[in-house]
Amino acid sequence: RGGMMDFLQTINKEDLSLLPIEEFPGRVIVVDTERDTEKAISYLSTFKEVGFDTETRPNFKKGQSNKISLMQISTEDTCFLFRLNHIGIPEALEHFLSDASIQKIGLSLRDDFNAIQKRSKLEPKGFLDLQNYVGKYGIKDASLQKIYAIIFNKKISKGQRLSNWEADILSEGQKKYASLDAWACLKIYKQLKAL
């Protein structure tokens, strides 16, 4: 495959720490009613590919796990944050997650699928896991942060990861953080696919 951009196979912590921080540039829409879910899904269903991620409230007790709190689905300029701890997984969202015709791009999806099964018996379809995908391009790192850094020379901050995803109101920081990961998955996929 001549002419293909050669990526680093891996990036170390020091190099990563020196990179400029990436910011989610789009609009964030918080969805916490069934009606808004239907509106969001009818919009998202017009796209062929979307980025996907979830957040679960951290649990610091051994052997306990919380149900998925938030599901993020992003286009190139808009990320929807579905507050599953308020609305569960409404029917419209279930249909979307089981729709094989829409490509949903995420990372380490097995964890997300396990978390989804605690809320719904839906069968996820149309998902692509970047962990398997980036290997074709010679990238050996498996974390979103490192993959993103290798391709775009920017750093995704992990500062909000352990915050409370079930807070009554999500902070601006939480919204930006949650949106960034889903959006970054889509961006990585589109960049690699364009090669």
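Which helices do the buried residues of H7 pack against? In this predicted model, the buried residues of H7 pack against helix H1, which covers residues 13-17, and against H8.

## The enclosed helix H7

Helix H7 runs over residues 144-152, and because eight of its nine residues are buried, meaning that each has under 20% relative accessible area, the helix is largely enclosed by the rest of the structure. The buried residues of H7 are Leu144, Gln145, Ile147, Tyr148, Ala149, Ile150, Ile151 and Phe152. After H7 comes Asn153, a residue whose phi is positive, near 55°.

## The sheet and its strands

Strands of a sheet pair through backbone hydrogen bonds, and they can do so in a parallel or an antiparallel way. Here six strands form an open sheet with mixed pairing, and their order across the sheet is E1-E4-E3-E2-E5-E6. At the edges lie strand E1 (27-31) and strand E6 (127-129), each of which pairs on one side only. Direction ignored, neighbouring strands of this sheet are turned against each other by 25° on average.

One pairing can be followed in detail: strand E3, residues 68-74, and strand E4, residues 78-83, run antiparallel and are joined by five bridges. Within this pair, Met71 stands opposite Phe82 in E4.

## The helix packed on the sheet

Helix H8, made of residues 172-194, packs on the sheet and touches E1, strand E2 (49-56), E3, E4, strand E5 (103-106) and E6. The direction of H8 makes about 145° with that of E2. H8 therefore appears in two parts of this picture, since the buried residues of H7 also pack against H8, while H8 itself packs on the sheet.

Methods: Residues are numbered from 1 along each chain as its sequence is written. This is a predicted model: local features need pLDDT of at least 70, side-chain atom pairs count only at pLDDT 80 or more; totals for chains, interfaces and linings use all residues. Side-chain values use heavy atoms; hydrogens and water are left out. Two strands pair if DSSP finds at least two bridges between them. Helices (H or I, at least four residues) and strands (E, at least two) are DSSP runs, numbered from the N terminus. Axes are lines fitted to C-alpha atoms, for helices over the stretch in contact, and angles run from 0 to 180 degrees between N-to-C directions. Contact means heavy atoms within 4.5 Å. Buried means under 20% relative accessible area, exposed over 50%, partly exposed in between (1.4 Å probe, protein chains only).
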